[in-house]
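Q: I have a sequence and a structure to look at. How do I read one feature at a time?

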Amino acid sequence: MDAPTKTRPTLDDIKAAAERIKGAVIRTPMMLSRTLSDIVDAEVWLKFENLQFTAAYKERGALNKLLQLTPEERARGVVAASAGNHAQAVAYHGRRLGIPVTIVMPVSTPMMKVTQTEGHGANVVLFGERFDDAYSHARELEAENGYVFVHPFDDVTIMAGAGTVALEMLEDAPDLDTLVIPIGGGGLISGVATAAKALKPGIKVIGVEAELYPSMKNVVEGGNGEIGGDTLAEGIAVKEPGQLTRAIIADLVDRIDLVAENDIEHAVSMLVNIEKTVVEGAGAAGLAAILADPERFRGRKVATTLCGGNIDTHLLANVLVRELVRCGRIARLRIAAQDRPGALAAITAKFYECGVNILETNHQRVFSRRPAKDTLIEVECEARDARAIDTLVDHLEEAGFHVDRAELD
């Protein structure tokens with residue numbers, strides 16, 4: 001009789017995975033953030049998985065899986081469906097081990113990710129508009145060509161590899177009482193919760209999902225939140241969580257928090273500005289949850305995993321500038337003035353008086369509800385702090401100009 005199929009990793013599986021991948025996966029830093037700790041009034045520790053070679057924790061599970069293939073399975077090759085970090089992890093370690101790798105990606109995958117995956121030696125197949133389409137095609141290729149399918153999360157060996165993160169976190173900070181871990185399909189938190197609860201039964205494990213994708217919360221806690229939309233945390237934007245992972249999470253995870261897009265953006269910016277580290281939206285979700293509701297973590301010894309750092313540079317630039325807008329350092333003012341010589345000079349004089357720098361100006365004479373003899377001057381500007389912008393607006397209005405400020409929705 002065949003042995004029953006294993007449905008969850010054990011602490012021994014995770015410890016074995018740690019030995020198996022040792023030396024081939026970076027033992028990333030685990031550091032106390034003094035500044036974030038002051039902000040939250042707690043000990044806040046960060047696990048820098050964004051410093052892996054492919055910039056994500058996914059290498060741990062992928063390598064653990066690949067190392068356990070038989071010689072015959074290695075010769076057949078592997079296939080995976082992914083538009084991001086899992087693809088690069090499988091491709092990178094597959095090439096290292098001499099295993100042929102095929103990655104199926106949706107046709108909408110950014111070319112940068114396609115190029116990076118191909119750069120690791122994988123054969124990339126673009127198929128379908130959505131991840132589900134790519135996943136189905138990967139399973140078809142598995143059946144047609146005899147490939148071994150490497151699931152991104154719903155696989156015990158993948159979860160065991162991911163769980164090695166928790167071993168390192170608790171080795172470096174044994175007094176931790178709370179772990180805050182992002183959830184997509186659930187592979188990372190399943191491995192982390194398994195290891196952490198076995199080593200420290202009293203430790204709290206809190207999952208975090210993007211507010212737009214509460215798929216695991218819906219399943220585990222019986223919610224009915226709508227799923228879908230453009231999220232900065234695309235790495236955890238999973239519509240259908242794992243079958244194996246949902247059972248583990250239901251048993252071991254204390255609660256699942258949801259974070260709004262603004263909070264994710266804020267966390268990404270904070271990590272750049274405070275820790276000088278680049279983290280993608282999914283990787284910043286744990287910190288976003290801590291910063292969004294610090295009362296729930298006050299006085300605790302809490303750690304979160306910066307699980308990935310693959311963010312498009314243009315998108316990162318937008319996030320950082322939007323953060324400057326939110327904190328009042330950058331503003332866009334719509335200033336109504338009479339369209340006559342000297343009006344612009346009078347306005348710019350106020351900027352000079354208040355020490356506010358003009359970044360860009362635009363005259364709008366046609367598409368405006370102002371009288372035909374008026375002009376609407378849009379000025380994008382930056383200042384040392386929000387108070388300087390407020391002072392500028394006061395001075396402009398005292399001089400007889402009507403000022404509106406553009407706001408982020």
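A: Start with a single residue and its neighbours. This is a predicted model. Arg329 touches Leu324, Cys381, Glu382, Ala383, Arg384 and Asp385, not counting residues up to four places away in sequence.

Q: Where does Arg329 sit in the chain?
A: Look for the elements on either side. Arg329 is in the loop between α14 (313-326) and β11 (330-338).

Q: Is Arg329 buried, exposed or partly exposed?
A: Read the relative accessibility. Buried means under 20%, and exposed means over 50%. Arg329 has 33%, so it counts as partly exposed.

Q: How far is Arg329 from Ala343 in space?
A: Compare the sequence gap with the C-alpha distance. Arg329 and Ala343 are 14 residues apart along the chain. Their C-alpha atoms are separated by 25 Å.

Q: What about Glu280: where is it found?
A: Use the same steps. Glu280 lies in the loop between α12 (261-275) and α13. Its relative accessibility is 4%, so Glu280 counts as buried.

Q: Which residues does Glu280 touch?
A: Leave out residues up to four places away in sequence. Glu280 then touches Asn85, Gly235, Val268, Gly308, Gly309, Asn310 and Ile311. Another pair to check is Glu280 and Asp312, which are 32 residues apart in sequence. From C-alpha to C-alpha they are 8.4 Å apart.

Q: Now the whole chain. How many helices and strands are there?
A: The chain has 16 helices and 14 strands. Its C-alpha trace spans about 90 × 50 × 40 Å along the principal axes. Of its 409 residues, 51% count as buried.

Q: What share of the contacts joins residues 24 or more positions apart?
A: Take the contacts with a separation of 6 or more. Residues 24 or more positions apart account for 72% of them.

Q: How do I read a sheet?
A: Strands of a sheet pair through backbone hydrogen bonds, either parallel or antiparallel. Read the strand order, then the sense of pairing. One open sheet here has 4 strands in the order β5-β4-β3-β6, with parallel pairing. Its edge strands are β5 (123-126) and β6 (148-149), and each pairs on one side only.

Q: How many bridges pair β3 with β4?
A: Strands β3 (residues 78-81) and β4 (residues 101-105) pair over 4 bridges, in the parallel sense. Helix α5 (residues 85-97) packs on this sheet and touches β3 and β4. The direction of α5 makes about 165° with that of β4.

Q: Which residues can I use to follow the strands across?
A: Try Val104 in β4. Ala81 stands opposite Val104. In β5, the bridge partner of Val104 is Val125. Strands β4 and β5 run parallel and are joined by 4 bridges.

Q: What do β4, helix α6 and β5 make together?
A: Follow the path from strand to helix to strand. With α6 (residues 111-119) in the middle, they make a right-handed β-α-β unit.

Q: Which residues of α6 are buried?
A: They are Lys113, Val114 and Thr117. Seen down the axis of α6, these buried residues fall within an arc of 100°, so they line one face of the helix. What covers them includes α5, β4 and β5. Just after α6, Gly121 takes a positive phi of about 95°.

Q: What is the strand order of the 6-stranded sheet?
A: This open sheet has the order β1-β2-β10-β7-β8-β9, and its pairing is mixed. At the edges are β1 (30-32) and β9 (255-259), each pairing on one side only. From one strand to the next, the twist averages 25°.

Q: Which strand pair should I trace there?
A: Trace β2 (residues 43-47) and β10 (residues 301-305). They run parallel, joined by 5 bridges. Val44 has Val302 in β10 as its bridge partner. Helix α13 (residues 285-292) packs on the sheet, touching β7 (178-182), β8 (204-210), β9 and β10. The direction of α13 makes about 125° with that of β7.

Q: Last one. How do I describe two packed helices?
A: Two packed helices are described by the angle between their axes and the distance between the axes. Take α1 (residues 11-21) and α8 (residues 156-172). Their axes come within 8 Å and cross at roughly 90°. That makes α1 roughly perpendicular to α8. Residues in the contact include Leu11, Ile14 and Ala18 of α1, and Ala160, Thr164 and Leu167 of α8.

Key:
Residues are numbered from 1 along each chain as its sequence is written. This is a predicted model: local features need pLDDT of at least 70, side-chain atom pairs count only at pLDDT 80 or more; totals for chains, interfaces and linings use all residues. Side-chain values use heavy atoms; hydrogens and water are left out. Two strands pair if DSSP finds at least two bridges between them. Helices (H or I, at least four residues) and strands (E, at least two) are DSSP runs, numbered from the N terminus. Contact means heavy atoms within 4.5 Å. Axes are lines fitted to C-alpha atoms, for helices over the stretch in contact, and angles run from 0 to 180 degrees between N-to-C directions. A crossover is right-handed if, with the strands pointing away from the viewer, the path from the first strand over the helix to the second runs clockwise. Buried means under 20% relative accessible area, exposed over 50%, partly exposed in between (1.4 Å probe, protein chains only). The arc is that of the directions from the helix axis to the C-beta atoms. Angles under 35 degrees count as roughly parallel, over 145 as roughly antiparallel, 65 to 115 as roughly perpendicular and the rest as oblique.
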